[in-house]
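Work through these short exercises with the structure open beside you. Try each task before you read its solution.

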Amino acid sequence: MRIAILCSGGDAPGMNPVIRAVVRSAESLGHETVGVRRGFRGLIEGEFVSLGARDVGGILDRGGTVLLSSREEKFRKLDYREKAYRNLQRENVDALVVLGGEGTFKGAELVAEEMGIPVIGVPCTIDNDVGGTEYCIGYDTALRNAVDAIDKIRDTASSHERIFVVEVMGRKRGFIAVEAGLATGAELILVPEEEFPKEKIPEEIVRVKELGKLHFIIVMAEGYGKAEELREFLLQNIGERFGEIRATVLGHLQRGGVPTHTDRIMGMKFGEVAVESLLSGERKGFVAYRGGKFYIEDFSMAGEYKDIDREALRLNRRLNS
Ligand code: F6P
């Protein structure tokens with residue numbers, strides 16, 4: 001079997017360990033792999049690169065993806081997809097492994113259905129928001145990055161007795177905010193999944209500051225709002241009498257850096273399962289991890305709602321504010 005691999009959407013630390021695992025598992029079982037550069041864009045443009053066991057040496061500890069990634073709108077159009085299918089045929093590709101999030105899996109499903117080759121997805125997104133799987137590659141490293149940054153903000157927040165609004169990634173979801181907030185002792189965590197009206201934030205700051213806390217750190221998912229807008233709102237409502245107010249957007253620094261041991265190991269496991277599932281005859285779906293086991297889930301599951309850790313939010317309210 002000749003298996004092509006591509007990465008699409010936002011990169012995630014741990015994609016390289018997945019690529020390495022797919023290539024080396026396939027090779028050790030007597031199969032061949034080929035890389036597609038720049039995701040679905042590369043599929044349309046025919047950007048294939050040879051990918052053998054030695055080509056993936058030295059990438060285990062590298063963030064990002066050596067195959068490059070893109071968000072390609074053209075793949076929504078059938079004529080571009082047909083171009084991609086012709087390229088896959090020309091390259092004698094028998095199966096495809098696609099690394100990315102929910103949006104990427106929609107494209108992956110189309111390839112499986114329209115072209116008829118087997119396609120397996122590996123959930124890779126720091127947002128950890130793919131349904132049907134407890135874990136997505138990149139999440140642990142993003143948490144490490146966010147925790148590291150918020151700890152540093154805490155030092156300066158305490159020294160100046162300030163109020164900080166720290167915006168973390170999570171376009172639609174609050175996974176990073178909940179865990180990074182709990183781990184750093186955030187006085188308030190704001191996520192799109194939980195109704196916490198903006199109007200209540202000033203009272204909460206006053207309440208906590210009156211308990212004698214030096215600083216007040218709000219960890220807010222980007223899906224809840226924008227840090228600068230919340231800072232403006234707080235300035236208008238309580239001014240700076242409880243401390244100067246600053247806003248920090250952690251942004252893309254959360255997405256980079258050396259993958260943690262969890263993302264490396266999970267990446268290797270997900271990658272091997274992807275290959276083995278193709279060899280055992282799976283036609284389409286993505287590798288999902290639940291309760292310590294791996295499954296192949298239907299692509300449609302990726303869009304299902306997966307809840308944040310409500311217990312973590314409750315614990316944060318008890319311990320950190
Ligand atoms: O990778 C997911 C994510 O990090 C989201 O949390 C964020 O909104 C988005 O990607 C931003 O990515 P980009 O700037 O690459 O579009």
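**Exercise 1.** Work out which domains supply the shell around the ligand.

*Solution.* This model is predicted. Start with the shell around the ligand: it draws at least three residues from each of domain 1 (2-138 + 259-303) and domain 2 (140-255). Next, list the residues that surround the ligand: R71, I126, D127, M169, G170, R171, E222, H252 and R255. Now check the numbers against the bounds. Domain 1 covers 2-138 and 259-303, while domain 2 covers 140-255. R71, I126 and D127 fall in domain 1. M169, G170, R171, E222, H252 and R255 fall in domain 2.

**Exercise 2.** Sort the shell residues into nonpolar, polar and charged.

*Solution.* The shell divides into 2 nonpolar, 2 polar and 5 charged residues. Glycine counts as polar here.

**Exercise 3.** Find which atoms lie at short range from oxygen atoms of the ligand, using a cut-off of 3.5 Å.

*Solution.* Take the side chains. An N or O atom of the D127 side chain is 2.7 Å from a ligand oxygen. A polar side-chain atom of H252 is also 2.7 Å from an oxygen atom of the ligand. Then take the backbone: a polar backbone atom of G170 lies 3.1 Å from a ligand oxygen. Finally, look at cover. On its own, the ligand has 390 Å² of accessible area, and the protein covers 78% of this. The ligand sits in the largest pocket.

**Exercise 4.** Describe how the two domains are placed.

*Solution.* Their centres, taken over C-alpha atoms, are 35 Å apart. The contact takes 15 residues from domain 1 and 13 residues from domain 2.

How values were computed
Residues numbered from 1 in each chain as written. Predicted model: local features only at pLDDT ≥ 70, side-chain atom pairs only at ≥ 80, totals over all residues. Heavy atoms only, no water. Near = heavy atom within 4 Å. Polar contact = N/O pair within 3.5 Å; in protein donor to acceptor, adjacent residues only side chain to side chain. Areas by Shrake-Rupley, 256 points an atom, 1.4 Å probe, with all protein chains shown as cover. 1 Å grid on protein atoms, 1.4 Å probe; cavity = no way out; pocket = protein on both sides within 12 Å on 5 of 7 lines; lining within 4 Å. Sits in = over half its atoms within 2 Å of the grid points. Domains from an automatic or database assignment. Contact = heavy atoms within 4.5 Å.
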